[in-house]
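Trainee: Could you take one part of this model and walk me through it slowly? I'd like to see how a single helix sits among its neighbours and what lies around it.

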Amino acid sequence: MNCLVVHAHPNPDSFNHAVRSVVLDTLTGLGHSVDLIDLYAIDYQPCMTEHEHVGYLDLVESGPDEVVAAHMDLITSAEALIFIYPTWWSGLPAILKGWLERTMLPGFAFALADPGDSTKALKVRPRLTNINRLIGITSYGSGRLEVRLLGDGGRRTVTRAVRALCGARTKTTWLPFYRLDGSTAEQRQQFLATVAERLTSALPSAPSTAGPAT
Amino acid sequence: MNTLVVICHPNPASLTRAAAEKVVDALQTTGQPLRVLDLDELDFDPRLTDFEARNHLGSPDQRPDLAEHIDALRWAERLVLIYPTWFSGQPARLKGWFDRVWMNEVAFVLPPDATRIRGQLDNIRHIDVVTTMGSTRRVNIAQGDGGRLRVNRTLRVLCHRRCRVKWHTVTDVDNRSTAELTAWLDSLPDRFNPTG
């Protein structure tokens, strides 16, 4: 299976990078082919430009920026899309939020219905039907209860807004690590093991060993 | 009342920019102290740096490049955010303004042995949000409405305990007539300068 990992954390010594190493090792070990977009490492520019906004609706045809186009190609050939990032102020880091804004373009990630269409609530139609597994792995400074009370906007962005671009049968896996600042080395180690385990069950190694599709 | 306006939109011809102009004009005529941070004009880099991540409980003194923003945030009694809603939330540039400027000792502190952060922006008693949405309200809610939740909950709890949030939104922008959009724009000055 083709897996695309999108990673956003500025500090190479962070726990987030340790999570990423486990994800990459696990996926490779399962025999999947893995592409990685490390947004900080490529010095990704997350702000939509004036040109991109003016031509937004036709940008796919008129030719997006070459970095954006390369990322669109990676998404097109992916069957699993995996986000790894820290949650800041109940959301995605700006560099990742901007990646969604610049990459998930109309005519590529979704199609807009005709303006005259009366079913307005459904006017955004998904185009990323090649993605059949969506996975979010994130760390929080706060505990689970507080995250819930604050609305968990980041989780919603992944499991609802990005999920809405995928096919009807796309499954979502959510792997949160709460209260990072107060965590022990043992808890972090345990989480890494959980990540490996959950990825293995979500993305089994080969169709022949996975049994009949259910 | 000290008012800080934060504007974010890359396109000068956009509805958001037209709204920003109306709001700033109205605020100027009130004669109240006003500061404007135009994130695009300032080419604000929203990417939290390696240094900032490693020192996320560090001091604002270590962030000379953010001094203007930090000073304005501490000065404000009313915060006005003007932006387009993209992917159900604030654009990356504004999200990064929160990530970087709403930092330790400015927006919050984490007392020793505490498990929860404590808000530090007692100075902010009012938040106004002026935002344009391409989608209908239903679609935004289906997408999780993360931008609204972030302001109403996550950020507001760092401000004065009685801080009120007011929303000035226009939804479904692509399907509205010019007359409707103009009417929305024209309704803004009254909201920011009722006596003007």
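Mentor: Let's start with one helix of chain B, follow its salt bridges outwards, and end up at the contact between the chains. Keep in mind that this is a predicted model.

The part I'd pick is helix α4 of chain B, residues 92-101. Ten of its ten residues are buried, so the helix is largely enclosed by the rest of the structure. Some of the names on that buried list are what you'd guess, including Leu94(B), Trp97(B), Phe98(B) and Val101(B). But look at the charged ones: Arg93(B), Lys95(B), Asp99(B) and Arg100(B) are on the list of buried residues too.

So what do those buried arginines pair with? Here's the general idea: side chains of opposite charge can pair when their charged atoms come close.

Take Arg93(B) to begin with. Its relative accessible area is 10%, so it counts as buried. Arg93(B) makes a salt bridge with Asp43(B), with 3.5 Å between the closest N and O atoms. This pair links distant parts of the chain, since Asp43(B) is in the loop between β2 (34-38) and α2 of chain B, 50 residues apart from its partner in helix α4. The partner's surroundings are quite another matter: Asp43(B) is exposed, at 57% relative accessible area. The pair isn't on its own, either. Arg93(B) and Asp43(B) belong to a network of salt bridges that also takes in Arg17(B), Asp38(B) and Asp40(B).

Now go along the helix to Arg100(B), which is buried with a relative accessible area of 6%. The side chain of Arg100(B) meets that of Asp65(B) in a salt bridge, 3.2 Å from N to O. Asp65(B) lies in the loop between α2 and α3 (67-75) of chain B and Arg100(B) in helix α4, so this pair ties together parts that are 35 residues apart in sequence. Again the acid is exposed: Asp65(B) comes out at 53% relative accessibility. So on the helix side you have a buried Arg100(B), and on the loop side an exposed Asp65(B).

Both of those loops border helix α2 of chain B, so let's go there next. Helix α2 covers residues 50-54, and it takes us over to chain A. At one end is Asp50(B), partly exposed with a relative accessible area of 28%. Leaving out residues up to four places away in sequence, Asp50(B) touches Pro10(A), Asn11(A) and Pro12(A). At the other end, Arg54(B) makes a salt bridge with Asp13(A), 2.9 Å from N to O. Arg54(B) lies in helix α2 of chain B and Asp13(A) in the loop between β1 and α1 (15-29) of chain A, so the pair joins two chains. Arg54(B) is partly exposed at 42%, while Asp13(A) is exposed at 62%.

That isn't a one-off: three salt bridges are found across the interface of chain A and chain B. Another cross-chain pair is Asp43(A) with Arg47(B), where the closest N and O atoms are 2.9 Å apart. Over all chains, the search finds 21 salt bridges.

Step back and take in the whole interface. Chain A puts 47 residues into the contact, and chain B puts in 47. The area buried between the two chains is about 3800 Å², with carbon and sulfur atoms giving 59% of it.

Aromatic rings meet across the chains as well. The search finds nine aromatic pairs over all chains. One of them is Trp89(A) with Phe108(B), an edge-to-face pair with 5.7 Å between centres and 80° between the planes. It crosses from the loop between β3 (80-86) and α5 (94-103) of chain A to strand β4 (residues 108-109) of chain B. Both Trp89(A) and Phe108(B) are buried.

One last cross-chain contact to look up is at Met104(A). Not counting neighbours within four places in sequence, Met104(A) is in contact with several residues, among them Tyr56(A), Leu81(A), Trp99(A) and, from chain B, Phe87(B). Met104(A) is also one of the residues with the most contacts inside the largest nonpolar core, which has 41 residues.

To retrace the route on screen, begin at enclosed helix α4(B), follow Arg93(B) to Asp43(B) and Arg100(B) to Asp65(B), then take Arg54(B) across to Asp13(A).

Technical notes:
Residues numbered from 1 in each chain as written. Chains lettered and ligands numbered in written order. Predicted model: local features only at pLDDT ≥ 70, side-chain atom pairs only at ≥ 80, totals over all residues. Heavy atoms only, no water. Phe/Tyr/Trp six-rings, centres within 6.5 Å; stacked < 30°, edge-to-face > 60°. Helix = DSSP H or I, 4+ residues; strand = E, 2+ residues; numbered from the N terminus. Buried < 20%, exposed > 50% of the residue type's maximum accessible area, 1.4 Å probe, protein only. Core = buried A, V, L, I, M, F, W, Y, C linked by side-chain atoms within 4.5 Å. Contact = heavy atoms within 4.5 Å. Buried area = accessible area lost by both parts, 1.4 Å probe. Salt bridge = Lys/Arg side-chain N within 4 Å of Asp/Glu carboxyl O.
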